[in-house]
Amino acid sequence: MKNKKLIHIYMFYIILAMSALMLINLGWSIRTKRAVATENMLGQARLITDQFISVRTFMAAKQDIINYDSEGSFEFKYLNPAAVGRGVGEIFNEKSEYAFKQTRLEPRNAANTPDSFEIEQIKKLQEEPGQEYLWAEDELDGTRVFRYLVPLYAEKECLDCHGTPAGEPDISGHLREGLEEGDFAGALSVVINAQPYYEELYRSIGQQVIFVLALLIVIIGILYILQRKLVTAPLEGLAAMTVSLGQGDFSSTDSPVNGQGEIRILEERFQTMSRELAGIYQGLEQKVKERTVELEEEKEKLARINQDLEKMNRLQSEFLASVSHELRTPLSCILAFIELLEAPAFAHQRQQNLADLKSSSEKLLNMVNNLLDTAKLEAGAIEPDIQEHRADEIVQGTIKAFMPLAREKSLTLTADIEPGLPRVRCDVERVRQVLVNLLGNAVKFTDPGGRITVRVNSEGKTPQHVVFRVEDTGAGISREEKEVIFQRFRQGAVPVNKKQAGSGLGLYLSKGLIEMQGGEIGLESEPGQGTAFWFRLPAAGGESLD
């Protein structure tokens, strides 16, 4: 409701609340009226059954008077309780809207045969003795009715016709049922036409709904008028005033919006604010002009400084590239001569010196290569050759080259490669260069007898990336060192042999080479618990991390 008017929102919630109250009241009224109607029908049914049972009891008690004359002669008059009850029921049913009958599961008279509803209720009365009555709503021939049953139990006077021995004819010619005093003998069923009650209920509900709707319309109309006059119209005036203030028209507050109460207070605050803003705006224009002139001067100075910095950076990169190129050629020649001197024909005493010379030259060449690659990376001169390669071949080849150095330092160097890896989209030479830097650091910073493990596994369900990890059991890296370890000319903890310290460009260069290929690099380390450098690259068919 962000764009709705306040009056619409207000009226919506008023209608919602009143409608909810109306429905609650209507539901409560229906429930109450139904309860009253049910209680009335229960009372009428109870009165009918009490009167009928009283007639039965009276007739049972007067059987001797009815069937014996003044001289003591017996003559059965067929006015036993069952016959009288049936006759009274027929007369009562013809003259009223009620209907009742004596019934049982095996009636003597077919007119007393129970229907399906009465059969179900009689069985309940038999299964659960002690119930005074049962009632329910039902429908007969399309008419809603109220049905009521009370149990009938065998009394002493009933045993002459319904007692023992079972199966022998009684005085009326019917076979005795073998009942004893207190046994369940059947039920008295009463049917009351409930249609008038429901018609009165619906009529009452309709009148109540009409009244509530009329009341709701009147109240909503009054609230709408008051809301429009006292709230909505003044707020619209304040909104227009706010727009004018935003456009710099400070005279818009001179026109009153005729608000009342809190809105009047708000209008006065707007007027005060308008006057203060007008004064501030006048002084602000002058200050803005002055600051604009100062900013233009500073901007020109920064532009000149930026040009100087760009020139210095370009000269630095050109210098590094030139010096590195000049150093690479003679160093390569030195290495070539050293390899010739290592031939078996030369004397044994020269081998150690030649080995030191070769090692120093290789390190010097590696430093020069790092300087050259760093300059190219910063100058944007490296174009990666991205193709699909097998990760296991990349790792196995690099580890094989480091095996002699690891054995020389008594280190265990192993690989843990997940089977079935997808191919990696990368520049294979640059990835090998990164692995060489990471393995070189691991060898330098791991004490003799330690372990270095290179792990490669896939990442993601598709998978989308392949992750390379170089883990060692070295001294670890502190939190402060981790924050700067990937910067230029930064190194971690000093290695055991300080002669092996590098230029501090390896990790900086590795980070740039990995990110250039759409990858990501990082480390996990705690002091005294070793270090794990990792980098992830896109798998064939996966997505880069850019």
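This report covers surface patches, salt bridges, one helix and a set of paired strands in a predicted model.

## Surface patches

Two patches on the surface are described here, one charged and one nonpolar. The negative patch is made up of Glu155, Glu157, Asp160 and Glu181. Among these residues, Glu157 sits in the loop that connects strand S3 (143-153) with helix H5 (159-162). The relative accessible area of Glu157 is 39%, so this residue is partly exposed.

The nonpolar patch consists of Met273, Leu277, Ile280, Leu284 and Val288, which together have about 420 Å² of accessible area. One of its members, Met273, belongs to helix H7 (residues 262-341). Met273 is partly exposed because its relative accessible area is 36%.

## Salt bridges

Side chains of opposite charge can pair when their charged atoms come close. Searching the whole structure gives 19 salt bridges. Some of these form a network, in which Lys101, Asp115, Glu118, Asp138 and Arg147 are linked.

Helix H7 also holds a salt bridge, between the side chains of Glu294 and Arg291, with an N to O distance of 4.0 Å. The two residues are 3 positions apart in H7, about one turn of the helix. Glu294 has a relative accessible area of 42% and is therefore partly exposed. Arg291 is also partly exposed, at 45% relative accessibility.

Another salt bridge joins the side chains of Arg390 and Asp392, with 2.6 Å from N to O. Arg390 is partly exposed, with a relative accessible area of 38%. For Asp392 the relative accessible area is 23%; buried would require under 20%, so Asp392 counts as partly exposed.

## Helix H12

Helix H12 spans residues 506-516 and contains both Glu515 and Lys511, which are 4 residues apart, about one turn of the helix. The side chains of Glu515 and Lys511 form a salt bridge at 2.7 Å, N to O. Glu515 has 37% relative accessibility and so counts as partly exposed. Lys511 is partly exposed too, at 28% relative accessibility.

Which residues of H12 are buried? They are Gly506, Leu507, Leu509, Ser510, Gly512, Leu513 and Ile514. After H12 comes Gly518, which has a positive phi near 80°.

## Strands S6, S8 and S9

Strand S8 (residues 451-459) pairs with strand S6 (residues 412-417) in the parallel sense, over 6 bridges. Within this pairing, Thr414 has Thr453 of S8 as its bridge partner.

S8 also pairs with strand S9 (residues 465-472), where the two run antiparallel and are joined by 8 bridges. Here Val456 has Phe468 of S9 as its bridge partner. S8 and S9 form a hairpin with 5 residues between the strands, and in this hairpin Gly460 has a positive phi near 100°. In a regular strand the side chains alternate between the two faces of the sheet.

## Summary

In helix H7, Met273 is part of the nonpolar patch, and the pair Glu294 and Arg291 lies in H7 as well. Helix H12 carries the salt bridge partners Glu515 and Lys511, along with buried residues including Leu509 and Leu513. Strand S8 is parallel to S6 and antiparallel to S9.

Notes:
Residues are numbered from 1 along each chain as its sequence is written. This is a predicted model: local features need pLDDT of at least 70, side-chain atom pairs count only at pLDDT 80 or more; totals for chains, interfaces and linings use all residues. Side-chain values use heavy atoms; hydrogens and water are left out. Patches are made of residues with over 30% relative accessible area and no salt bridge: like charges are joined within 9 Å, nonpolar side chains (Val, Leu, Ile, Met, Phe, Trp, Tyr) within 5 Å. Accessible areas come from the Shrake-Rupley method with a 1.4 Å probe; for residues, only the protein chains shown count as cover. Lys and Arg count as positive and Asp and Glu as negative; His and the chain ends are not counted. The place of a charge is taken as NZ of Lys, CZ of Arg, CG of Asp or CD of Glu. Buried means under 20% relative accessible area, exposed over 50%, partly exposed in between (1.4 Å probe, protein chains only). Two strands pair if DSSP finds at least two bridges between them.
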